[in-house]
Structure formats: C-alpha cells, structure tokens
Amino acid sequence: TSPSLSPNPKEMASDGRRLIAETPNAGYYRRVQDHEEKNEEKELMNVGQASSTSIQADEEDVNTRRGNCWKLFKVFVWLFVAVFLIMAVASLIIWATKDEDDNSGGEVSSKPKILYEWRRVDYEKKCGHEYIEENNVITGVKVFENSIFVTVPRWKPGVPSTLNKISTTLTEDGPLLEPFPSCKYQKLGDPFALQYVQSMEITPRGEMWIIDAGRLYFASDRKDPFHLPPKIIIFDLLMSKEVDRYTFSNEVAPYNSSFLNDIVVDLSTDWAYISDANGEGAIIAYDRLGRQARRFTGKSTQIEPNVQFIIDGVDYGFNNFTTPEDGIALSPDGNTLYYCALHSLSLYMLPTKVLRNMSISNEEIEKESSLVTKKKSPSDGLAVTSEGKLYYGGLTTAGLYSILPDSPILESKLVFQDNMTMQWVDTFAFDDKEGSILWTTNQLQRFFTTPSDFVSEDRIPIRLFAMRTGEHSYMYKD
C-alpha cells in the first residue's frame, strides 16, 4: 500500500507548504511536492494569461466602441454641416429672388426677365408683301391665355403683317411672327383688312379690340397709296371670328392726320378710350353700344416743348420726338382716365363721365382735367393694375416706374432699370393667369433717327419683358 499523503496540520508550514521530515521516503515526497508546486504555478500562469487576454479583449472592445462612436459623431457633424450649407444656399437663392419692395406699397415676387428678344423681326409668312427688315419693329403687346400678340407698325414700307402672334418657331434672330388673324387681314389697300395697327386691347372674355390707324408710311418719304379711314375691329378669340367693326368719321379721327395709338376698354359700359398721337393730340371716346364717338383735344393733350431727350448718352434735343397725347390708362372702376403726351413730364387724369357726355364741349372737358404728378421722365405707354397702381417707362432713364395715384404722396418709384436692355419702354400688357406684367422695349430713338444702325449683328434692339408681381389688369375681376 502507498503511504498516506494526507498532511498532518503539524507538518504544515505557515505558508501552507508541507513540512517533509527527513525520512527514508523524503526524496519521494519532495518529488511529489515539487510536481504539485509546478502544476500550481502553471495553473496560476494560465489563469493570469487568461485574465490578461480577457482584459486585453475588453480594452479592444471598448476601443472599438469608442471608434464607432467617434465615426458616428463625425457622420452627424458632416450631416449637420451639409444641412447647414444647403439651408444657407437656399436662403441665398430665396434672398436673390425674394419679393422686392416695389416702393409703392406692393410686393414684387420676381425680378424682370426677358421672355423674348429680336435682333431682327421676321415672319412665318410674308403674305405676298414686300419685306424690308430694318423697317420692322415691335411695339404693342397683349396676352390671352397661352398666346402673346404683338404689333408691327407700318410707319414705313416693307412690313408684311401689322398684327401678329408670337410663333413657336425660334431663330437665332428671335421667334418668328405669325400674321393674325390671317394674311387676309393684312392686305394693303383693302378697307376690310388691317392697314396699320399700333396697339390693341384684349378683355378677359376674349375680345380683342383692334385700332387701325388706316394711314400708312407717315414716318417715310414714300407716299401712302391708299389712305383709308381709321376704324376699330373687335375679334372674338374664343370663337376665332370678327364680331364687330366701326369706322370713325373724319371729324373724330381726321383721315389725313390722325394716328390711333393706344386703347383701353371699360367693360361695364362698353366704352373705349383711344389716344390720337398726332397734331395737337387727342382722346377719342367710342361708345360701342351707341355706335357713336367723340374727340377731345386740349392743353393737357399737347406737348411740353422744353422737355429734352437724352438717351444712352445721345442728346436728341427738343424736336425729334414731339409726339403729343400717347399714353392712356383706365382706373379699375372705369371712372378715371389717366393720360400723357410722350413729349411731356405731366401725367393727367380726367373723369370718364365727361367724355361720355356727348353734349359737353372740349373746353368744358379740359376744365375737368387735373394734373396727377410730374413723372421722372417722358414716357410712352401706361398701364394700371386691378389695385389701381400705375406703371410707366422712363424713356430718358431706361427705367420702369410705378405710382399710386390715390396715394397722398404721388412720388414715382423706380422698379427696375437697365441702360442696355430697357431703352425705350413702349407698351404694357398683363398676363392675368400668371399674375405678371409685360412690356416691350424697342430702341425707337435709333429706329427713327439712325435707321441704318437699327438692325445690327452686334445689337439686340427689341425685347419682351415679364415680371411676376401677383397683379392683374385693370379689367380683372375675382
């Protein structure tokens, strides 16, 4: 049998080691004890190594988590920076296109933009007529639904079509014009057709009131071969047919000297008011239902001789643009007519009821006229919104101005100005669908004084602007 290895407590040292007496088996016992101690040391080393490995793994896990957290933090930081930059850019864009104060109490939701521009005016069809490119210039403009209509005055020969619609055919010189309503209406010398259209008006119900001056080529050395009387034609755009026409008498619109220039329409009475921009100037009032018309002329329709024209640095003096009554506009209620001569700084107003009274004399009408304000510049066309704001263009300032005639402070406010693109602001229109005001610019100072310089490869003389204001025509009703 093997001797018992159970230690006697008395044989244990204070450090737990067994005391081995010097016996005959002492060598054996020492070997056993050394073996056990080595095993214990190995176990302790293994436990230590395992513990160290566990701690190291824990530290690596913590470091990994810290790394992931840091990466996630950086992602959030970059996301925040990206969102901030996007918001900053969006704010700049909004600021750049934000509603601008139009300086007269209203808000403008966009800056003016150029819809179309023409280096030279050309047509889808020439309608069998002579075409001289430098004699074609766009003046009048009106909008109905998705169509834009423009006029090309027959001041000079070589104008195939005087009333047109802007075509969808685009060229490097600008969009082509489509004769409207047809080539039949453009036939020279035909009393039925349109001879010379400077402007027109389109009502919300789709009626185009077209004024035909009748006379031809009165800015040219060529004689008018036909000399037809002036008339007004009403064309229904929805039904695509003419619905009315009226020929003015020689007393109302003299056949040898009148120049039917611009028109406004009062839908509540079916009266139209037309500017006559020749001679001493006049306003023609036309009663559609009563089939009658009258002519008013007075001091307020005449020029102011001391108005000087300096355009784009060129002094045109006092005698180049001596056009009398030209601009005309109507208040939304139809009770007040605003008007001015082109060669003038004065803006006048007149109660329309006196024009509709066929028994009142010109002298009595003139007494009813009153000065609204002095404009910042001579102007061509006028326009009034459904809220009563009046717009005009500065011919000598290349600017667009607005004014509130009912305001206690009748100060013209500059809305937009550009000396290159805004030379000679001519005629206005409203796009009631878009809430925009449109206007033409056409450098008429060059057209009349230096015609050879009007059409040039390095110049674009004609433009059509639009500015979204949220405003509508004086005829617009909610």
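Begin by selecting Arg446, which has its place in helix 4, residues 444-449. The model on display is a predicted one.

**First stop: Arg446 and its surroundings**

Is Arg446 buried or exposed? With a relative accessibility of 14%, Arg446 counts as buried, because the limit for that class is under 20%. Next, display the residues around the Arg446 side chain and backbone. Apart from neighbours within four places in sequence, Arg446 is in contact with Asp312, Gln423, Pro451, Asp453, Phe454 and Arg459. One of these contacts, Asp312, leads to the next selection.

**Second stop: Asp312**

Select Asp312, in the loop that runs between strand 16 (309-311) and strand 17 (314-317). The backbone deserves attention here: phi of Asp312 is positive, at about 55°, although the residue is not a glycine. Asp312 has a relative accessible area of 35% and is therefore classed as partly exposed.

**Third stop: His227**

Which loop holds His227? Select the stretch between strand 9 (207-212) and strand 10 (231-236), and His227 will be found in the loop there. His227 is not a glycine, yet its phi is positive, near 55°. The relative accessibility of His227 is 33%, so this residue counts as partly exposed.

**Fourth stop: a cis peptide bond**

Move now to Phe180 and Pro181, and show the backbone atoms of both. The peptide bond that joins Phe180 and Pro181 is cis, with omega at about -5°. Pro181 belongs to the loop between strand 7 (174-179) and strand 8 (197-202).

**Fifth stop: a four-stranded sheet**

Finally, select strands 12 to 15 in a cartoon view. They form an open sheet of four strands, in the order 12-13-14-15, and the pairing is antiparallel. Which strands stand at the edges? These are strand 12 (260-266) and strand 15 (292-296). Each edge strand has a single partner strand, which means that one side of each is left without a neighbour in the sheet. On average, and with direction ignored, neighbouring strands of this sheet are turned by 20° against each other.

In general, the strands of a sheet pair through backbone hydrogen bonds, in a parallel or an antiparallel manner. To examine one such pairing in this sheet, select strand 14, residues 282-287, together with strand 15. How many bridges link strand 14 and strand 15? The two strands pair in the antiparallel sense over five bridges. For a single pair of residues, select Tyr286 and then its bridge partner in strand 15, Ala293.

Definitions and conventions
Residues numbered from 1 in each chain as written. Predicted model: local features only at pLDDT ≥ 70, side-chain atom pairs only at ≥ 80, totals over all residues. Heavy atoms only, no water. Pairing = 2+ DSSP bridges. Axes fitted to C-alpha atoms, helices over the stretch in contact; angles between N-to-C directions. Buried < 20%, exposed > 50% of the residue type's maximum accessible area, 1.4 Å probe, protein only. Contact = heavy atoms within 4.5 Å.
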